[in-house]
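These are my notes from looking through one model, entry by entry. I wrote down what I looked up and what I found.

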Amino acid sequence: VFGESNSQIGAKTKAALAAGLIVIACIGEKEQEREDGKTMEVCIEQLTAFKNNIGDDWSNVVIAYEPVWAIGTGKVATPDIAQETHANIRAWLSANVSPDVAASVRIIYGGSVNGKNCVELSRQGDIDGFLVGGASLKPEFVDIINCQRT
């Protein structure tokens, strides 16, 4: 999105972790990639760059699935689409990093979460939370924070 390659982002992640930071590793596809059925192909390329720079210790990494087509557009993946992608990410982690990492890493959703869609999204088994953008500046943010209490 900003002209950086996956390998550049992976290297920045390695540097951030070495500096003691917690990293939110954002991955996601553009609208045309989704329409072409390439969501997981794109996400796997991005995850591989992270894996190549993180290694086996993902304890300070959170993955955010943030489809580019949903950022700030008001479009949001349906709960089924978001769950399917999160489950595929977790399966990839299990097969390519370790089952322990797949079970413990938080995978959050970040595509236009708001007070109207947060409850249904939070009910999905592989969605561990949200990366909230513009809605964090609105009163409905309280609804997002409290949605799992519903």
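**Entry 1: the start of the chain**

I began with Gly-3, which sits in the segment before helix 1 (6-18). The model is a predicted one, so I note that every value here is computed from it. Is Gly-3 buried or exposed? Gly-3 has 70% relative accessibility, so I put it down as exposed. I then looked up how far Gly-3 lies from Ile-22: the two are 19 residues apart along the chain, and their C-alpha atoms are separated by 23 Å.

**Entry 2: cysteines**

How many disulfides does a search of the whole structure find? I found 0 disulfides. I checked two cysteines one by one. Cys-26 is in no disulfide, and the nearest cysteine sulfur to it belongs to Cys-43, 11 Å away. Cys-26 has a relative accessible area of 38%, so I noted it as partly exposed.

Cys-118 is also in no disulfide, and here the nearest cysteine sulfur is that of Cys-147, at 4.1 Å. Why does a separation of 4.1 Å leave Cys-118 without a disulfide? The two sulfur atoms of a disulfide have to be within 2.5 Å, so this pair does not count. I also looked up the accessibility of Cys-118, which is 1%, so Cys-118 counts as buried.

**Entry 3: an aromatic pair**

I looked for aromatic pairs and the structure holds 1. Its members are Tyr-65 and Tyr-109, with 6.0 Å from centre to centre and 50° between the planes, and the pair is classed as tilted. Which parts does the pair tie together? Tyr-65 belongs to strand 2 (residues 61-65) and Tyr-109 to strand 3 (residues 106-109), so the pair ties together parts that are 44 residues apart in sequence. Both Tyr-65 and Tyr-109 are buried.

**Entry 4: Gly-110**

Next I went to Gly-110, in the loop between strand 3 and helix 6. Its relative accessibility is 4%, so Gly-110 counts as buried. Leaving out residues up to four places away in sequence, I list Tyr-65, Glu-66 and Leu-131 as the residues that Gly-110 touches. Tyr-65 is the residue I had already noted in the aromatic pair. I also looked up Gly-110 against Asp-80: they are 30 residues apart in sequence, and 15 Å lies between their C-alpha atoms.

**Entry 5: Ser-112**

Ser-112 is placed in the loop between strand 3 and helix 6 (118-122). Is Ser-112 buried or exposed? With 16% relative accessibility, Ser-112 counts as buried, because the cut-off for buried is under 20%. I looked at the backbone here too: phi of Ser-112 is near 55°, a positive value in a residue other than glycine.

Which residues does Ser-112 touch, not counting residues up to four places away in sequence? I wrote down Ala-70, Ile-71, Gly-72, Thr-73, Gly-74, Lys-75, Val-76 and Asn-117. I also looked up Asn-52, which is 60 residues from Ser-112 in sequence and 29 Å from it in space, C-alpha to C-alpha.

**Entry 6: Ile-71**

Ile-71 came up among the contacts of Ser-112, so I looked it up in turn. Ile-71 is in the loop between strand 2 and helix 4 (79-96). At 43% relative accessibility, Ile-71 counts as partly exposed. Apart from neighbours within four places in sequence, Ile-71 is in contact with Glu-66 and Ser-112. Glu-66 is also touched by Gly-110. From Ile-71 to Ile-9 I noted 62 residues in sequence and 19 Å in space, C-alpha to C-alpha.

**Entry 7: a pocket**

I then turned to the second largest pocket, which holds about 260 Å³ of space. How many residues line this pocket? There are 16, and those nearest the centre of the pocket are Gly-72, Ser-112, Val-113, Gly-134 and Ala-135. Of these, Gly-72 is one of the residues that Ser-112 touches. I sorted the lining by class and got 6 nonpolar, 7 polar and 3 charged residues.

**Entry 8: Gln-124**

My last look-up was Gln-124, in the loop between helix 6 and helix 7 (141-145). Its relative accessibility is 15%, so Gln-124 counts as buried. Not counting residues up to four places away in sequence, Gln-124 touches Pro-79, Asp-80 and Gln-83. Asp-80 is the residue I had set against Gly-110 in an earlier entry.

Notes
Residues numbered from 1 in each chain as written. Predicted model: local features only at pLDDT ≥ 70, side-chain atom pairs only at ≥ 80, totals over all residues. Heavy atoms only, no water. 1 Å grid on protein atoms, 1.4 Å probe; cavity = no way out; pocket = protein on both sides within 12 Å on 5 of 7 lines; lining within 4 Å. Points joined across faces, edges and corners; volume = space filled by probe spheres on them. Nonpolar A, V, L, I, M, F, W, Y, C, P; charged D, E, K, R; others polar. Buried < 20%, exposed > 50% of the residue type's maximum accessible area, 1.4 Å probe, protein only. Phe/Tyr/Trp six-rings, centres within 6.5 Å; stacked < 30°, edge-to-face > 60°. Helix = DSSP H or I, 4+ residues; strand = E, 2+ residues; numbered from the N terminus. Contact = heavy atoms within 4.5 Å.
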